[in-house]
Amino acid sequence: MGGDGKVFTLAEVAEHNNAKDCWLIISDKVYNVTNFLEDHPGGDEVLLSATGKDATDDFEDVGHSTSARAMMDEFYVGDIDSSSIPSKTKYTPPKQPHYNQDKTSEFIIKLLQFLVPLIILGVAVGIRFYTKSS
């Protein structure tokens, strides 16, 4: 590997965030990808947008080939101090009061939605039957 095993903080790596000096954090390792920006198949914007943070998820989501993973060794400059990376917090939705709906009224509404059209149909057939026979 190209690096000497130096340990960097997130703040140090985040300073390298432009096209003339671009460093990425992938799988707790720091890579200087400045010389690769022009050759990256996805364009340099993709790499530049991943600076200043842990880009592991961005890297893994794309599904890089084994040759791309092997190519990373030549850009390795050191490791990241994992304590300098903020931990991911899991989203928890806000607490809401439990909605206790009266099940009886729901049943009556469904029953009426079924019976009212039948009653209307029955009345219409009855009127038609009695008016036709007289």
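Trainee: Let's start with asparagine 18. Is it buried, partly exposed or exposed?
Mentor: Keep in mind that this is a predicted model. Asparagine 18 lies in strand 2, and its relative accessible area is 35%. Buried means under 20% and exposed means over 50%, so asparagine 18 counts as partly exposed.

Trainee: Which residues does asparagine 18 touch, leaving out those up to four places away in sequence?
Mentor: A touch here means heavy atoms within 4.5 Å. With the residues up to four places away set aside, the partners of asparagine 18 are Leu37 and Leu48.

Trainee: And how far apart in space are asparagine 18 and threonine 34?
Mentor: Along the sequence, 16 residues separate asparagine 18 and threonine 34. In space, going from C-alpha to C-alpha, the distance is 8.5 Å.

Trainee: Okay, zooming out. In what order do the strands sit in the sheet?
Mentor: From the N terminus on, the elements of the chain run β-α-β-β-β-α-α-α-β-α, which comes to five helices and five strands. The five strands form an open sheet with mixed pairing. Their order in that sheet is 1-5-4-3-2.

Trainee: Which strands stand at the edges, and why is one side of each left without a neighbour?
Mentor: Take the order 1-5-4-3-2 and look at its ends. A strand there has a single partner strand, so one side of it has no neighbour in the sheet. The edge strands are strand 1 (6–8) and strand 2 (17–18).

Trainee: Which residue stands opposite asparagine 17?
Mentor: Strand 2 and strand 3 pair in the antiparallel sense over two bridges. Across from asparagine 17, in strand 3, is cysteine 22.

Trainee: How many bridges join strand 3 and strand 4?
Mentor: Strand 3 covers residues 21–26 and strand 4 covers residues 29–32. One pair to look at is isoleucine 26 with its bridge partner in strand 4, lysine 29. The two strands pair in the antiparallel sense, and the number of bridges is four.

Trainee: What is phi of serine 27, in the loop of that hairpin?
Mentor: The hairpin of strand 3 and strand 4 has two residues between the strands. Serine 27 sits in that loop and is partly exposed, at 42% relative accessible area. Although serine 27 is not a glycine, its phi is positive, near 55 degrees.

Trainee: What about phi of aspartate 28?
Mentor: Aspartate 28 is also found in the loop between strand 3 and strand 4. Aspartate 28 has a relative accessible area of 40%, so it is partly exposed. It isn't a glycine either, yet its phi is positive, about 65 degrees.

Trainee: Which residue in strand 5 does valine 30 stand opposite?
Mentor: Strand 4 pairs with strand 5 (residues 76–80) in the antiparallel sense over three bridges. Opposite valine 30, in strand 5, you'll find glycine 78.

Trainee: Now the largest pocket. Which element gives the largest share of its lining?
Mentor: The largest pocket has a volume of about 420 Å³. Strand 3, helix 2 (44–49), helix 3 (56–62) and helix 4 (66–71) each give two or more residues to the lining. The largest share, three residues, comes from helix 3.

Trainee: How many of the lining residues are nonpolar?
Mentor: The lining has 20 residues, and Phe36, His40, Leu47, Phe59 and His64 lie nearest the centre of the pocket. Three lining residues are polar and one is charged, while the nonpolar ones number 16.

Key: Residues numbered from 1 in each chain as written. Predicted model: local features only at pLDDT ≥ 70, side-chain atom pairs only at ≥ 80, totals over all residues. Heavy atoms only, no water. Pairing = 2+ DSSP bridges. 1 Å grid on protein atoms, 1.4 Å probe; cavity = no way out; pocket = protein on both sides within 12 Å on 5 of 7 lines; lining within 4 Å. Points joined across faces, edges and corners; volume = space filled by probe spheres on them. Nonpolar A, V, L, I, M, F, W, Y, C, P; charged D, E, K, R; others polar. Buried < 20%, exposed > 50% of the residue type's maximum accessible area, 1.4 Å probe, protein only.
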